[in-house]
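Visitor: Hello! I am new here and would love a short tour, one question at a time.
Guide: Welcome! Let us look at it together.

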Amino acid sequence: MNETSQHNQPMAPAVSVIIPMYNAENYISYCLNKLRQQELSNIEIICIDDGSTDHTAEKVLNAAQADPRIRLLRQENAGPGVARNLGMDQAHGQYIAFLDADDEYPNNETLKELYEKAVQSKLSIVGGSIIVRQPDGRLDDTFEGEFDGQQFHSSGPIQYSDYQYDFGFYRFIYSRELIHHNNIRFPELRYFEDPIFMVKAFWCAGSFFAIEKPTYLYNCTHPNVNWKTKTTQVIDIFRGIRENLCFSAENHLPRLHWYTISHFNLFYNQAVKRGRCYSYKVELAVRAACQCMNRTLASQWRPIAVPFYSGLTRFLTHLMRTFHA
């Protein structure tokens, strides 16, 4: 339900910025203040309160009194993906942007540059690199390995078949027509919901325009996750990974498959191996992802992934024994 007053605008917003929020009272005011300073003024800001138990909603309503572009929606706690879906359903902008409540844009020109490039290129997706603020305040823009797709080294149109990446969806703006025409939604997962959305959106678009400069500032100031208490989220991670593995296999995207396997290794080591998050449901989710991974590599892409494949069987055997150690 929209809790702010309706207002008239001379034209539809250029960009709808969707912000899912859960217990974000410590940083949502800063986020909104920074967003309101964007040079692209013809925007709407849709904040979705995902069942917060603190004063997040009140802070948004206070901000909305000073800026009618801000709207507040509420829902029962269901995760950021479901919240973003609600925001997309209510959006009126020509393009849709996604911003987390504790992040920001690198400068006040970011949305203007993204929108202008989208109009000029006539492409449905436009975005750039990411920059990360580390806990010590240092800004980091160097990425390697499974994260090398977070950065572009030149600007221009790119075919998704040449990119095949699935992380950092918030670096881009997306045509609302593209999203609604193809019914692109976030799955009802609490973790790894955004790579699934990103892959499907880029696949439907076919190509996108890349901007070399950073278009999103991720604040890496969150406390370390206690994975042992996040069983549901861990299950969602491996369900999401399995979905992207199936998608990459069905659409013959070997690089995306490799990236997804790398993300499997990352989350398995963080959440299961070091985080000691064990349960029968976690085991089932991990097994399902492993089976899809093993079957696809063996049948289609063994020559492409020889270095990884050579140790995959031993890895899977060891992984399954871990649950019963």
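Visitor: Let us start with strands. In β2, what is the bridge partner of I19?
Guide: Please keep in mind that this is a predicted model. Strands β1 and β2 run parallel and are joined by 7 bridges. Within this pairing, the β2 residue that partners I19 is C47.

Visitor: How many of the residues of strand β2 are buried?
Guide: Strand β2 covers residues 43-50. From β2, I43, I45, C47 and D49 point one way, while E44, I46, I48 and D50 point the other way, and all are buried. The strand is therefore largely enclosed by the rest of the structure, and the count of buried residues is 8 of the 8.

Visitor: Why do the side chains in a strand point in two directions?
Guide: That comes from a general pattern. In a regular strand, side chains take turns between the two faces of the sheet, so the word to remember is alternate.

Visitor: Which residues of strand β4 are buried on one side and on the other?
Guide: Strand β4 spans residues 95-98, and both of its faces are covered. On one side the buried residues are Y95 and A97, and on the other they are I96 and F98.

Visitor: Which residue of β4 stands opposite V15?
Guide: Strand β1, residues 15-21, runs parallel to β4, and 4 bridges join them. Looking across to β4 from V15, you find Y95.

Visitor: And in β8, what is the bridge partner of I96?
Guide: Strand β8 takes in residues 172-175 and runs antiparallel to β4, with 3 bridges joining the two. The β8 partner of I96 is Y174.

Visitor: Now a loop residue: is Q164 buried or exposed?
Guide: Q164 is in the loop between α5 (160-163) and β8. Its relative accessibility is 6%, and the cut-off for buried is under 20%. Q164 therefore counts as buried.

Visitor: Which backbone nitrogen does the side chain of Q164 reach?
Guide: The Q164 side chain has a partner at 2.8 Å in the backbone oxygen of S161. Not counting residues up to four places away in sequence, Q164 touches L253, P254, R255, L256 and Y259. The backbone nitrogen that its side chain reaches, at 2.8 Å, belongs to R255.

Visitor: What is the angle between the planes of the aromatic pair Y163 and F202?
Guide: The whole structure holds 36 aromatic pairs. In the one formed by Y163 and F202, the centres are 6.4 Å apart and the pair is tilted, with an angle between the planes of 35°.

Visitor: How many residues apart in sequence are the parts that this pair, Y163 and F202, ties together?
Guide: Y163 is buried at 8% relative accessible area, and F202 is buried at 1%. Y163 belongs to helix α5 and F202 to helix α7 (residues 193-205), so the pair ties together parts whose separation in sequence, in residues, is 39.

Visitor: Are the rings of W203 and F247 edge-to-face or stacked?
Guide: W203 lies in helix α7 and F247 in helix α8 (residues 231-250), 44 residues apart, so the pair links distant parts of the chain. W203 is partly exposed at 34% relative accessibility, whereas F247 is buried at 15%. Their ring centres are 6.1 Å apart and their planes stand at 90°, so the pair is edge-to-face.

Visitor: Is C204 buried or partly exposed?
Guide: C204 is found in helix α7. Leaving aside neighbours within four places in sequence, C204 is in contact with L178, N182 and I184. With a relative accessible area of 36%, C204 is partly exposed.

Visitor: How far apart in space are C204 and I179, C-alpha to C-alpha?
Guide: C204 and I179 are 25 residues apart in sequence. In space, their C-alpha to C-alpha distance is 8.9 Å.

Visitor: How many disulfides does the structure hold?
Guide: Another cysteine, C277, is buried with a relative accessible area of 1%. As for disulfides, the number in the structure is 0.

Visitor: Last one: over which residues from 301 on is the pLDDT below 50?
Guide: The protein averages a pLDDT of 87, and 86% of the residues score at least 70. Over residues 1-9 the pLDDT stays under 50. Where pLDDT is low, the predicted coordinates should not be read in detail. The other stretch below 50, with 18 contacts in the model beyond near neighbours in sequence, is residues 301-311.

Definitions and conventions. Residues numbered from 1 in each chain as written. Predicted model: local features only at pLDDT ≥ 70, side-chain atom pairs only at ≥ 80, totals over all residues. Heavy atoms only, no water. Disulfide = S-S within 2.5 Å. Buried < 20%, exposed > 50% of the residue type's maximum accessible area, 1.4 Å probe, protein only. Pairing = 2+ DSSP bridges. pLDDT = per-residue confidence, 0-100. Contact = heavy atoms within 4.5 Å. Polar contact = N/O pair within 3.5 Å; in protein donor to acceptor, adjacent residues only side chain to side chain. Phe/Tyr/Trp six-rings, centres within 6.5 Å; stacked < 30°, edge-to-face > 60°.
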